[in-house]
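Let's take a walk through this one together, a stop at a time. Have the viewer open and follow along.

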Amino acid sequence: MSSIEERVQKIIVEQLGVKPEDVKSEASFVEDLGADSLDTVELVMALEEEFETEIPDEEAEKISTVQAAVDYIKAHS
Amino acid sequence: MSEERKVALVTGATRGIGRAIAEQLADAGLFVVGTATSEKGATTIAEYLGERGTGVVMDVADDGSVADTVKHINEAHGAPLVLVNNAGITRDNIMLRMKADEWSDVINTNLNSLYRVSKACLKGMTKARWGRVINISSVVGTMGNAGQANYAAAKGGVEGFTRALARELGSRNITVNAVAPGFIQTDMTDGLPEAQRETLLAGIPLGRLGAPAEVASAVAWLASDGGGYVTGTTVHVNGGMFTG
């Protein structure tokens, strides 16, 4: 069973087409990983699917870094 | 395009243009979910579509109704990848007499509905990397019409929304277009007095009202693979009464 960190990293790599080593915990999706605003919405949709949860819009807007995504999933699973 | 049967959502599909659209999309092989504001309307839709679709009750003017209904459709039939925002009302009056609710009801049902229904359907299209949003506008949105400031404002808004959303979603292979009918033979136009009808016909080069099927075929084309390179535009179907 992979850790939450590994599963989040895998999704980010798939969704944004970036290298696994670039997905550092402090990396920002938009500034460091080249995501546009639609990409970030799709990333949240993929996280919802992987972790079988629903992330409300107002929470989704705060998930802007790798760490924020991991923290959110940990707090809600 | 996948081989799976696609789901189309058509709002206001009980009669008139909406019904013709639902029928032609079903003819094209889509599974069509048509919406009505009453149980009776939903039953009518389910009856004329038969096994090719179904009818549901949804009020496009109500946030909760749209959210619940789209969720139900996603679960029962799959996410709609073709959305036809057709439902609309008129509350005609000259501006000097127009009540606040005549204004706001038309804006809410004909324009705010696009925010609600489109937003609810876009996640599914984004995920599929394929989608078609087709908004039914009106020639009145371009030409204006005395007694229809509310309706013209809403339809002009529909066309602006169409252009913006097309630019926003092009990268996800989702096209967004409007179809603007002129005067079409429906319940909405059957009520016109004879004298007004004559004046109207004088302004239409083709000399007749249009048929709902003639609007629906433009919608079906935009929804088809053949219409896949068209986005952000308004297709006018009006017998020549407006030539842009």
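A good place to begin is A:Ser37, where UniProt, in an unreviewed entry, puts the feature "modified residue: O-(pantetheine 4'-phosphoryl)serine". Keep in mind that what you're looking at is a predicted model. Here A:Ser37 belongs to helix α2 of chain A, which covers residues 37-50. Is A:Ser37 buried or exposed? Its relative accessibility is 58%, and the cut-off for exposed is over 50%, so A:Ser37 counts as exposed.

Zoom out a little around that serine. UniProt, again from an unreviewed entry, lists residues 2-77 of chain A as "domain: Carrier". Over residues 2-77, chain A is 54% helix and 0% strand. The C-alpha atoms at the two ends of that stretch sit 15 Å apart.

Now hop over to chain B. The record here, also unreviewed, gives residues 6-187 of chain B as "domain: Ketoreductase". This stretch of chain B has strand as well: the figures are 51% helix and 19% strand. Its end C-alpha atoms are 30 Å apart.

Within chain B, look for a pair of helices. Two packed helices are described by the angle between their axes and the distance between the axes. For helix α4 (residues 100-128) and helix α6 (residues 149-169) of chain B, the angle is about 20° and the axes are 8 Å apart. Angles under 35 degrees count as roughly parallel, so α4(B) is roughly parallel to α6(B). Their crossing is right-handed. On the α4(B) side, the contact residues include B:Trp103, B:Ile107, B:Leu111, B:Ser118 and B:Leu122. On the α6(B) side, B:Tyr151, B:Ala154, B:Val158, B:Phe161 and B:Leu165 are among them. The residues of this contact split into 14 nonpolar, 4 polar and 2 charged.

One of those contact residues deserves its own stop: B:Ser118, in helix α4 of chain B. With a relative accessibility of 2%, B:Ser118 counts as buried, because the cut-off for buried is under 20%. Which residues does B:Ser118 touch, if you skip those up to four places away in sequence? They are B:Leu83, B:Asn85, B:Ser113, B:Val133 and B:Phe161.

Next, find B:Asn86, in the loop between β4 (80-85) and α4 of chain B. B:Asn86 counts as buried too, with 11% relative accessibility. Leaving out neighbours within four places in sequence, B:Asn86 is in contact with B:Thr11, B:Gly12, B:Ile17, B:Gly18, B:Ile21 and B:Ile136.

The tour ends with some backbone geometry. Most residues other than glycine have a negative phi. B:Arg129 is not a glycine, yet its phi is positive, at about 55°. You'll find B:Arg129 in the loop between α4 and β5 (131-136) of chain B, and its relative accessible area of 39% makes it partly exposed. B:Asn173 also has a positive phi, near 60°, and is likewise a residue other than glycine. Look for B:Asn173 in the loop between α6 and β6 (174-181) of chain B. B:Asn173 is partly exposed, with a relative accessible area of 38%.

Notes:
Residues numbered from 1 in each chain as written. Chains lettered and ligands numbered in written order. Predicted model: local features only at pLDDT ≥ 70, side-chain atom pairs only at ≥ 80, totals over all residues. Heavy atoms only, no water. UniProt positions renumbered as here; feature names shortened; annotations may be inferred. Helix = DSSP H or I, 4+ residues; strand = E, 2+ residues; numbered from the N terminus. Buried < 20%, exposed > 50% of the residue type's maximum accessible area, 1.4 Å probe, protein only. Axes fitted to C-alpha atoms, helices over the stretch in contact; angles between N-to-C directions. Parallel < 35°, antiparallel > 145°, perpendicular 65-115°, else oblique. Left-handed = near helix turned anticlockwise from the far one by under 90°. Contact = heavy atoms within 4.5 Å. Nonpolar A, V, L, I, M, F, W, Y, C, P; charged D, E, K, R; others polar.
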